[in-house]
Amino acid sequence: MDPVTASLAAIQARITQAEKTYSRPPGSVTLLAVSKTQPADAVRSACDGGQRAFGENHLQDALTKITAIRDIPLEWHFIGPVQSNKTRQIAENFSWVHSLDRLRVASRLNDQRPPSLPPLNVCIQVNVSDESSKSGVQPKEVEELAARIAELDRLALRGLMAIPAPTEGFEAQRASLRPLKALFDSLCAAGFPLDTLSMGMTDDLEAAVAEGSTMVRIGTAIFGARRQVVR
Ligand SMILES: *Cc1c(COP(=O)(O)O)cnc(C)c1O
């Protein structure tokens, strides 16, 4: 078996096991395969294993693959920082943006989403680690931004995303993810119809499932180490 296809099966098994261990309903955690820096052939190998949702964090790197694999209907998720001058191509080529953290970018994506496509699914990226270098909205600002985004009819606000600072140890990982779940629950209680909690990467997949993630974003454990991309 192709190594990517084999690793993909192993990750699917890890997700299924984590759902059981933490009493999550079967199938409640979906897998986003993070193919950033990987070649189109690696994406095809994951397709052979049944994967259809792929995450990319750099527009040009992504467009190369999106163009190369037009023959299979794939769902592309943009998970990197969104520069204002890239919003048109993101609105035209992606189904999801996980990393929305500014109203200005949200308005541009809304205006530029082609009428022929369904609304663009978006998650608000939250800064849960409180490091000024990391992107993401401060937790106290999320509800206001969510309310503004909900008014944009070419965007579908689906949930929240975070990239916590790397933490050693399972309990510490769970603790770093818990505030995002709490914020998610409070927005749902406030009436926002959210269904997506995008959290969990290769090193904290189990902790994320334990804390209520509905979508884990896995790169290294599927594709191996990231490649150098010439940009
Ligand atoms: C690269 C990346 C991932 C995947 O990380 P791995 O540790 O390789 O699984 C997930 N989310 C985001 C936003 C990323 O940039």
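1. A good place to start is strand β5, where both faces are covered: Leu 120, Val 122 and Ile 124 are buried on one side, and Asn 121, Cys 123 and Gln 125 are buried on the other. Please keep in mind throughout that this is a predicted model.

2. Taken as a whole, β5 spans residues 120-125, and six of its six residues are buried, so the strand is largely enclosed by the rest of the structure. It is worth turning the view to look at each face separately, with Val 122 on one side and Cys 123 on the other.

3. What flanks this strand? β4 and β5 run parallel and are joined by three bridges. One residue to pick out here is Leu 100, whose bridge partner in β5 is Ile 124. Ile 124 is also among the buried residues listed for β5.

4. β5 also pairs with strand β6 (residues 155-161), again in the parallel sense, over six bridges. In this pairing, Asn 121 has Ala 156 of β6 as its bridge partner. Asn 121 is another of the buried residues of β5.

5. The connection from β4 to β5 deserves a look of its own. Together with helix α5 (residues 103-112), the two strands make a β-α-β unit, and the unit is right-handed.

6. Now to the aromatic side chains: the structure holds three aromatic pairs. In one of them, Phe 78 and Phe 94 meet edge-to-face, with 5.3 Å from centre to centre and 90° between the planes. Phe 78 belongs to strand β3 (residues 75-78), while Phe 94 sits in the loop between α4 (87-93) and β4 (96-100), so this pair ties together parts that are 16 residues apart in sequence. Are these two rings' residues buried or exposed? Both Phe 78 and Phe 94 are buried.

7. Stepping back to the chain, you will find nine helices and eight strands. The radius of gyration is 17 Å, close to the 17 Å that the globule rule gives for 231 residues, so the chain is as compact as a globular protein of that length. Along its principal axes, the C-alpha trace spans about 50 × 40 × 30 Å.

8. A few totals round off the picture. Of the 231 residues in the chain, 51% are buried. Among contacts between residues at least 6 apart in sequence, 59% join residues at least 24 apart. The accessible surface comes to about 10,700 Å², and carbon and sulfur atoms account for 52% of that surface.

Methods: Residues are numbered from 1 along each chain as its sequence is written. This is a predicted model: local features need pLDDT of at least 70, side-chain atom pairs count only at pLDDT 80 or more; totals for chains, interfaces and linings use all residues. Side-chain values use heavy atoms; hydrogens and water are left out. Rings of Phe, Tyr and Trp (its six-membered ring) pair if their centres lie within 6.5 Å; planes under 30 degrees apart count as stacked, over 60 as edge-to-face and the rest as tilted. Helices (H or I, at least four residues) and strands (E, at least two) are DSSP runs, numbered from the N terminus. Buried means under 20% relative accessible area, exposed over 50%, partly exposed in between (1.4 Å probe, protein chains only). Two strands pair if DSSP finds at least two bridges between them. A crossover is right-handed if, with the strands pointing away from the viewer, the path from the first strand over the helix to the second runs clockwise. The radius of gyration is taken over C-alpha atoms; the globule rule is 2.2 Å times the number of residues to the power 0.38. Contact means heavy atoms within 4.5 Å. Accessible areas come from the Shrake-Rupley method with a 1.4 Å probe; for residues, only the protein chains shown count as cover.
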